[in-house]
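What follows is a walk through one protein chain, from its overall dimensions to single residues. Please keep the sequence and the 3D view at hand while reading.

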Amino acid sequence: MPRKLFFVADLSYTLQQHLKWKKFLPEIHPFYAVKCNPDPYVLRLLAALGTGFDCASNGEISQVLSLGVDPSRVIFANPCKATSFVRQSAKAGVDMMTFDNTDELYKISRAHPNAKLIVRILTDDSKSLCRLGLKFGAPLVTVPFLLTKAKELNLDVIGVSFHVGSGCYDSAAYADAIRRARSAFDMGKEAGYEFTLLDVGGGFEDAMFEMAASILMESINTYFPVRDNLRIIAEPGRYYVAKAFSLAVNIIARRAPHSIEGDSQDIEADPEQPKVMYYVNDGVYGAFNCIVFDHQTPQPYVLSLNGSFHVPSSVPTCPSSVWGPTCDSIDCVCPVTHLPGSLRVGDWLAFESMGAYTICAASQFNGFQVSNVIYTTGGGAGSAEVRNALRSCA
Ligand SMILES: *Cc1c(COP(=O)(O)O)cnc(C)c1O
């Protein structure tokens, strides 16, 4: 039987994250960033839980609408869209979309003149894993001009969005961004608009979520103290799915170039030099593309040792490296980590927190297939709720 790699997705984790969101940010309506992980069950669950969806393309819009989601629950949050996509979103009834330049305004005025526009402003993204400001976001100084242009074109601008960068590790970035959004709201007023939407984007890291939420709300209270006519939304991606997915991979080959059996006299050898090289059946061209694109450093743990799934915690380890299955040397999963030297071909390794920016960007380079997902609703209290939610959106 082929030992295919597989993901395990615990959908109860996504439910828990949603409940945590509602507890800490009850005023902010989440629009899940589909690009992060467009898994069909994740989308169905979130659709049933009532989130909105941040789509980056027409393909994502179709996928979300096919679940029966109303087009008013979708924001087309890519500031640079193909004209055909804008036209199709007009047809589909998706009106909310972002922009950050005048060319986009001309395009939208031709292809979707009734769109509800959101100006994406540039904020400080220097404290994040994936900086997005290089590519998107209008510097504040350009916003008055953009809004004047939008007014000339008779376009409806309804608010402001930003993104502090994906994987934001300094929650203060949200405070600075809210301050800038306030300026953009004032510029809107100058240009003759009455903005009603504030979109605080994504970037939420689970480990710092409560801190980010509290800084965010504090800044909103400071800069938007009166908000009866203000709707606040966000575009979390990673937050909902990163820890929901684990990946199990199989060891397909093994090399011990620096023999662990003999040669202990070799005093010059760096003790941290990997002594065993393990080759597994997924790599940077597959789910581990997150190492390249998302700047992650996944760490394996042992699922089976010598064919047994009872792995004693005391088993001795040595510096090892883990490699992907392709013929390319860039395909390294872990340059050095500590694993038992006695793992065999056929044994399993696993990686946690593999749900964000992994499967969706995997290629089939070298003829390898994209992995399967096995779903669970968890054993805990949320299990029945997840099942009911999925059923309601079947
Ligand atoms: C990628 C992206 C997101 C999601 O970001 P996370 O860091 O995963 O929360 C949200 N909004 C936009 C516009 C994005 O490009």
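Helices here are DSSP runs of H or I with at least four residues, strands are runs of E with at least two, and both are numbered from the N terminus. By that scheme, Asp294 sits in the loop between helix H10 (289–293) and strand S14 (300–302). The model is a predicted one, and its protein chain contains eleven helices and 18 strands in total.

The overall dimensions come next. The C-alpha atoms of the protein chain occupy a box of roughly 80 × 50 × 40 Å along the principal axes. A compact globule of 394 residues would have a radius of gyration near 21 Å, and the 24 Å of the protein chain therefore agrees with that expectation. Of the 394 residues, 51% count as buried. The exposed surface of the protein chain is about 17,800 Å², and 54% of it is supplied by carbon and sulfur atoms.

Contacts and charges add to this picture. Taking contacts in the protein chain between residues at least 6 apart in sequence, 72% join residues at least 24 apart. The protein chain carries 34 positive and 39 negative side chains, and the centres of these two sets are 6 Å apart.

One span of the chain has a domain annotation. An unreviewed UniProt entry assigns "domain: Orn/DAP/Arg decarboxylase 2 N-terminal" to residues 16–242. This span is 42% helix and 18% strand, and its end C-alpha atoms lie 13 Å apart.

Within the numbering of that span, consider the loop that joins strand S2 (28–33) to helix H2 (40–49), where Val34 is found. Is Val34 buried or exposed? Its relative accessibility is 0%, so Val34 counts as buried. Leaving out residues up to four places away in sequence, Val34 touches Leu43, Phe53, Asp54, Cys55, Glu60 and Val64. The C-alpha atoms of Val34 and Gly52 are 10.0 Å apart, with the two positions 18 residues apart in sequence numbering.

Lys35 is also placed in the loop between S2 and H2. UniProt, in an unreviewed entry, gives Lys35 the feature "modified residue: N6-(pyridoxal phosphate)lysine". Lys35 has 42% relative accessibility and therefore counts as partly exposed, whereas Val34 is at 0%. Apart from neighbours within four places in sequence, Lys35 is in contact with Glu60, Tyr357 and Cys360. Glu60 is thus a contact of Lys35 and of Val34.

Tyr357, one of the contacts of Lys35, belongs to the loop between strand S17 (348–351) and strand S18 (372–376). Its phi is near 55°, a positive value in a residue other than glycine. Tyr357 has a relative accessible area of 17%, which means that it is buried, as the cut-off for that class is under 20%.

Tyr357 also leads back to Asp294. Among the contacts of Asp294 outside four places in sequence are Leu129, Cys130, Arg238, Asn289, Ala356 and Tyr357. Asp294 is buried, with a relative accessible area of 2%. Tyr357 is therefore listed as a contact of both Asp294 and Lys35, where contact means heavy atoms within 4.5 Å.

Another buried position is Leu198, in strand S10 (residues 197–199). Its relative accessible area is 0%. Beyond four places in sequence, Leu198 touches Val160, Ile178, Ala181, Phe185, Phe224, Leu230, Arg231, Ile232 and Ile233. Arg182 is 16 residues from Leu198 along the chain, and their C-alpha atoms are separated by 9.3 Å.

Two further loop residues remain. Asn306 is in the loop between S14 and strand S15 (317–323). Although it is not a glycine, Asn306 has a positive phi of about 55°. With a relative accessible area of 40%, Asn306 is partly exposed.

Cys327 lies in the loop between S15 and strand S16 (332–340). Where does UniProt place the feature "active site"? The unreviewed entry puts it at Cys327. In this model Cys327 is at 79% relative accessibility and so counts as exposed, the cut-off for that class being over 50%.

Conventions: Residues are numbered from 1 along each chain as its sequence is written. This is a predicted model: local features need pLDDT of at least 70, side-chain atom pairs count only at pLDDT 80 or more; totals for chains, interfaces and linings use all residues. Side-chain values use heavy atoms; hydrogens and water are left out. The radius of gyration is taken over C-alpha atoms; the globule rule is 2.2 Å times the number of residues to the power 0.38. Buried means under 20% relative accessible area, exposed over 50%, partly exposed in between (1.4 Å probe, protein chains only). Accessible areas come from the Shrake-Rupley method with a 1.4 Å probe; for residues, only the protein chains shown count as cover. Lys and Arg count as positive and Asp and Glu as negative; His and the chain ends are not counted. The place of a charge is taken as NZ of Lys, CZ of Arg, CG of Asp or CD of Glu. UniProt positions are given in the numbering used here, feature names are shortened, and annotations may be inferred rather than shown by experiment.
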